[in-house]
Every structure is written in structure tokens, then in C-alpha cells.
Amino acid sequence: MSEMILDQASEADLKSLVEERFGHEPQWSLARRQSAAEAVLNLDWPRLERTPLKKRKLDQLHLFKAPPTPSRTAAAAPEGWAEIWLDNNQVVAVSMPEALSLQGVRLESLTAALDDPDVEKHLGRLLGQDADKIAALSGALWQGGVFLRVPARIREVVRVSIRSHATAEAGALFAKNLIICGAESHVTVTQRLATDEGVSKTLLSENTEIIVEDGGRVDFGAIQQCAPTVEGFIHRAGALGHDAVLNWSIGEFGAGLVVSDHVSHLDQPGAQTSSTTVFFGAGTQHQDYSAKSYHHAPHTTSNMVARGVMKNKARSVFTGLTQIEAGAKGSDGRQKEQTLMLSDDARADAIPSLIIDERDVYAAHAASAGPVDRAAVFYLTSRGLSEPEAERIIVHGFLAPVIDAIALPELRDEVWDAVERKIRA
Amino acid sequence: MSTPVLEISDLHMRIEEKQILKGLTLTIKGGEIHAVMGPNGTGKTSLAQCLMGHPRYQITGGSVRLDGEDMLTMKPDERARHGLFLAMQYPSEISGVTTANFLRAAINARREDGTSISLKAFRDQLDEVMGFLDMDPKFANRYLNEGFSGGEKKRNEILQMLMLKPRIAILDEIDSGLDIDAIKVVSKGVNSLKGPDFGSLIITHYQRILDYVHPDFVHIMVDGTIVKSGGPELALELDKKGYEWVRTELAQSTHQA
Ligand SMILES: Nc1ncnc2c1ncn2[C@@H]1O[C@H](COP(=O)(O)OP(=O)(O)OP(=O)(O)O)[C@@H](O)[C@H]1O
Ligand SMILES: [Mg+2]
């Protein structure tokens, strides 16, 4: 059973596939996979109000094909950085500055780290396997992925780069990543998701869970530039301890369909999260994003910002949720979403929401979506700039405040490059 | 470069269902300064924007030629490259591009040979013009018009005009909202371009600016056409008597005809 189409598979097929592929794993992991396999056929595809999945024929995918073996070779990591390269979720190379490994920083394939008690404890805690059919498929069939653990109280900032790449024959990929930042340590992670240019129709499922222990700080940046044949389901969630900080910087550019969310659980007093999402849709791309901040504890703060540009017939939805629970006194939750449309056929919806169950808090949201200012285009063209150049300048001006605020310089430059490419495309 | 000639002839134009220009004829040549005055809503800004090629306007008759070339088929940027310039009544605020970077891009876009102006040459020129216009050099590094006061925006329009060196410049209420010192500066800018290679159309409500930029011709525009043309004395007369005078005179002449 090296290859099978999902809608022809029985529960028994799925379970024996799991046994065949993952039978060697520790009992706890195998048991979870089997229970996910049992759930696959009973669960529905994700139900998204503005993103119908029916006509995408996801169940026609060759889900069980073993991912092709890696073919790339890794380039040298930037000075001082730890870096991990993955092809079709399989680790190709890991490089780690000696200073970091001496202090106990671990960066490796998640499947290779299943013996670690932290993995058993945290994996699946924030992103369960019973939400929908993709979650269950991922629970049963995930492989590879990244395990990063930074011990408590590392003095210097630990810099980690994850380069994830899918090749033409991938079909369906299910990845899980687990990041644990120990107390009072500071980690920056940049994740690059890309595929070969001519990749065939691929279901890409990425689940990343981030645990930030007391006083720790994680700056997580990601840029997604997959081919248009990719249908991506990218989920990220973080749990924050006392005074912990989690900053998200997400740049979304590729994939024909992308359903992407990131969630922060502010579990303990003093926890803080910020999130910046920059997205740019062109052609017939469909992008469904959401960002959520859950204030479970007093004196927690969240600030969510999203800016997107839509051109051609692209379509986006951005749903923001800030939820402040009863008892989370003195919390502060904000969100702001803005979309710029470059054509009449483009469409963008911004749906902010606040759920506040505590009186003593500050919460605010703002959203806008509108076409490019034609008077501004006229103004610029009247000075001799071509219309595309005028639009480029306007898009730049629109995105600059959020992109320039990205704390990770190398990611910031790549986001700008991606924007330039999308403008010209 | 040859003396420019902008010929507007029997121009009819409308926005949506509203006819704005109803057969407007006017020729502006290099060396000439024309002033157009007229009551609010009479179509002056519409004329200016339509000459520059704003896509909103629908031409229903007539022609606009620069040196004999049909302008109406050209996009705004092509018109600009042919030497047309419009200082706008309400300049847009453009975030994300500094005035300096924008001007450099605009100068490069207008160069026919595809070469770029060197940074040094550009900077020198910019410094000189800003000095000439009494502008604080820091405006060069601010985003184009963003947060500029009304007067600062107008001065910025003149800065752009001097940097881009158009052959025909249309100035739409460049004097509105300016204090007297600013009017002098703006006028100084316009006067510095005066010569056989430069013609200008100044749209204004006030005689004041015409004390500094002396028009060769003054036209009164009412309801989408030029109803009366004359020399500088016409502006003075208008200043004294107001538009009612023109309307009455107009009514009489139609009556007589
Ligand atoms: N987009 C539009 N849609 C409909 N009508 C318009 C539009 N733009 C301008 N108009 C109308 O066209 C007429 C001419 O306006 P225009 O701005 O050209 O006048 P103006 O002579 O420049 O006036 P002012 O002296 O107040 O600047 C006005 O009645 C105005 O309301
Ligand atoms: Mg006007």
C-alpha cells in the first residue's frame, strides 16, 4: 500500500498504514496515531464560512504516498545561527553553532525526538487531532518536522532558521513542529515555507506549537511562498507563561489556497503577544487567515495587526479574535486589519471581533478594506510615472509601516522582495 | 527645444451624466501666461484634470493638441513626458515615498534616453531649487505631502514643477490658502521658468497672484466655456465688479444676438 487515494481508503487501511510506517515509534505516539486514524473517516473537512472546500476535491489526493527522498543540499547557515533544512518534511541537514549545543539547545527532526518527555507532554496540547479531517490525517500520518528546545536562562539570543521545502512529487505533506523556549531565554525563529516551482497538486499541512515558559521570549517569523498548486493548511499556536512574550511576524504570499491561523494563549499574568500578518494575493489565490489572542490571565496584552493587498481576482478573509476572559483584569487587547484592493475583481473581507468577559480591561479593534486611491494614482502618473509604478509606490506606502516593524531584519528584507515580486507578477 | 503650443479646441467633456465643458477653445503658447478665472463649480479643475488625462472624464467632442500631437489618446504619464504639468488644487498625500525619491523617479521616467540622473546631480539640483523656494531641506525626506499643511503642499507642487521643467504648466489654484509671503515664493518659482519654452495656464480666484505673475491673457470661464477674454485689466475689473457683472453682460450680449 505505497499509494492510495483517500476516498477509497477504509479505516482498516489507514490503521495498517500507520502500523506499517510508524510501528516502531514509542507506544504513546503510535496509540495517538491510531486513534487519529480511526477518526479520519468520521470527521469532516474544515468548515470555513467564506472558504468552501468542496469543489477542491481534497479527497482525491494521493495521501499516503511516501514522500520522495530529499534531494537538496544545504547551504551554510548564517553566522551564529542554528539552521535546519527539510525536504518534504524530512530533515536534510542541521547545523548548530557549538556554543549553542554546549548549552543544551536541541534542534532536530521531531520524529527523532519522540523519546523526549517534553515531546510527549507538549505535542498536540495546543493543536489537537480531532478538529477536522485534516487534523486527524495529520495526527495519523505526520512525519519529520522540527523539534526545537532551548533550555532556561540562555544568556544570548538563540537564532534558529527553519527552511522547509516541498518537491514536485510530494502529493500530501503533514508536518508538526514543536518549539519550547525555556524560562528567561530568548529565541528567534524564522520559518521559510517554499516548494518547487512546478510542484503538482499538494496538500500541505503544517502544525506548529510553541511553548514559552516564564519570562521567555519567542520572536517567530514565517514566510510562505509555495507554488499556486499548493493547498496549505497552516496552524500555529503558542502558550505563554508568566511574563512570557510571543511575537508573530507572518508573511503570506504563495499557495493557490491557504488557510492559516495563529493563536496565542496568554495563560499567565504578564504574558504579552503581538502579531503582524502581511499578505498579498494575486491571480486566483484564495487566502483565509485568522489570528486569535486569548487572555486567560490578568494583566496580559495582545496587539494584532494585519495588512494585505489583493490584486487580479484574488480573495482574502482575515478574521481576528481577541478574547478576554472573566478575571483577566487589567488586560489590553487590540487589533487592526486593513486591506488594499488593486482591482475591481479582487475581494477582501476583514472580520474583527472582540469577546470581553471582564470589565476592567482595554480592548479595541479597527478594520478597513478599500480600493487603491485613484486620485493618488493620477497624481503620481501626472508626474510621468507609469500606472504600475504608481501602484507600486502606493502599495509600498501601505505596507511599509507593518513590514518595517518586523523585528527580524532578514525576514523583513525577504518580505519586501516577495512584495516586489507580487506587484510585478 | 521648440516653443510649445497647446491647442484646446471646441472641447466637450462630461462626468457621468453631467456635461462640464461645453465647447471650450483656448491656445497657450510658449512665452505666454494665461489666467483663467471663474465662479465655483464652473469646470476649471475639471478642465485642468481632463487636460492632464484623468480617466474619470469622458470627452464628447473637440480636441487637445500639444505641438500638433493628439493628447487625448495619451495616458497622464505620456502627457507628462510630452512636457505637460499640472499643479493640483488638492495634491494627494502619498505615504511611503519621500519627496526626493519620488522626484528622482519622476525625472528618470521623463528622460527619453533611458539613462538615470546621477544622485549627485539630482541632489545638487534639489538643494538649489529648495533653497530658491525657501523650503526647509527636511521636506525632501518626508513622505510626499503626508501631513503637509495646505501651503506646504502648494510649495511642493512648485518644487516639482521646477525640478521637472515642464513646457506647459497648468496651475490649479496654486495661490489658494497661501499667505502673502508664500504667494511671492510661488510666483517667483513660476517666473523663473518664464521664456519661449514655457507656457502656463493659471487658474485662480484672486487678482493677488496676478500682481506677481503677470498674465498676458485673462479668460473668464462660466458654465463650461470661456465667455470673455482680455488682458490683465480684465482681472482687475473682475476683482472690482464680481462675476455678476460678467453674467449680466453675457445675458445682454446673448439677448442682442
Ligand atoms: N466626480 C464627479 N462627479 C460628478 N460631478 C462632478 C465630479 N467632479 C466634479 N463634478 C462637478 O463638476 C462641476 C465642475 O467642478 P470643478 O471642480 O471643475 O469646478 P471648479 O471650477 O474647479 O470649481 P472651484 O472654483 O470651486 O474649484 C461641479 O459642479 C462639480 O460638482
Ligand atoms: Mg477647482
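Me: How do the residues of the shell around ligand 1 divide into nonpolar, polar and charged?
Reply: In this predicted model, 16 residues surround ligand 1, with Gly41(B), Lys44(B), Thr45(B), Ser46(B) and His205(B) the closest. Glycine is counted as polar under the classification used. On that basis the shell divides into three nonpolar, eight polar and five charged residues.

Me: Which element supplies the largest share of the shell around ligand 1?
Reply: Two elements of chain B, β2 (18-29) and α1 (44-52), each give at least two residues to this shell. The largest share amounts to three residues, and the element that supplies it is α1(B).

Me: At what distance does a polar side-chain atom of Lys44(B) lie from an oxygen atom of ligand 1?
Reply: Several side chains of chain B place a polar atom by a ligand oxygen. For Gln89(B) the separation from an oxygen atom of ligand 1 is 3.2 Å, and for His205(B) the corresponding value is 2.8 Å. For Lys44(B) the distance is 2.7 Å.

Me: What percentage of the accessible area that ligand 1 has on its own does the protein cover?
Reply: Polar side-chain atoms of Lys44(B) and His205(B) lie by oxygen atoms of the ligand. On its own, ligand 1 has 640 Å² of accessible area, and the share covered by the protein is 69%.

Me: How much area do chain A and chain B bury between them?
Reply: The contact draws 14 residues from chain A and 31 residues from chain B. Of the buried area, 67% lies on carbon and sulfur atoms. On the side of chain A, Phe378(A), Tyr379(A) and Arg383(A) lose the most area to chain B, together 46% of what that side buries. The area buried between the two chains is about 1700 Å².

Me: Which residue of chain B forms a salt bridge with Arg383(A)?
Reply: Nine residue pairs are in polar contact between chain A and chain B, and the rule finds one salt bridge across the interface. A salt bridge requires a side-chain nitrogen of Lys or Arg within 4 Å of a carboxyl oxygen of Asp or Glu. Here the closest N and O atoms are 2.6 Å apart, and the partner of Arg383(A) is Glu157(B).

Me: Which element gives the largest share of the side of chain A that touches chain B?
Reply: Nine residue pairs make polar contacts between the chains. The elements giving two or more residues to this side are α6 (374-381) and α7 (387-403) of chain A. The largest share is six residues, and the element that gives it is α6(A).

Terms used: Residues are numbered from 1 along each chain as its sequence is written. Chains are lettered from A and ligands numbered from 1 in the order in which they are written. This is a predicted model: local features need pLDDT of at least 70, side-chain atom pairs count only at pLDDT 80 or more; totals for chains, interfaces and linings use all residues. Side-chain values use heavy atoms; hydrogens and water are left out. A residue is near a molecule or strand if one of its heavy atoms lies within 4 Å of it. A polar contact is a pair of N or O atoms within 3.5 Å; within protein, one must be able to donate a hydrogen and the other to accept it, and residues adjacent in sequence count only if both atoms are side-chain atoms. Accessible areas come from the Shrake-Rupley method with a 1.4 Å probe; for residues, only the protein chains shown count as cover. Helices (H or I, at least four residues) and strands (E, at least two) are DSSP runs, numbered from the N terminus. Contact means heavy atoms within 4.5 Å. Buried area is the accessible area (1.4 Å probe) that two parts lose on being put together, summed over both.
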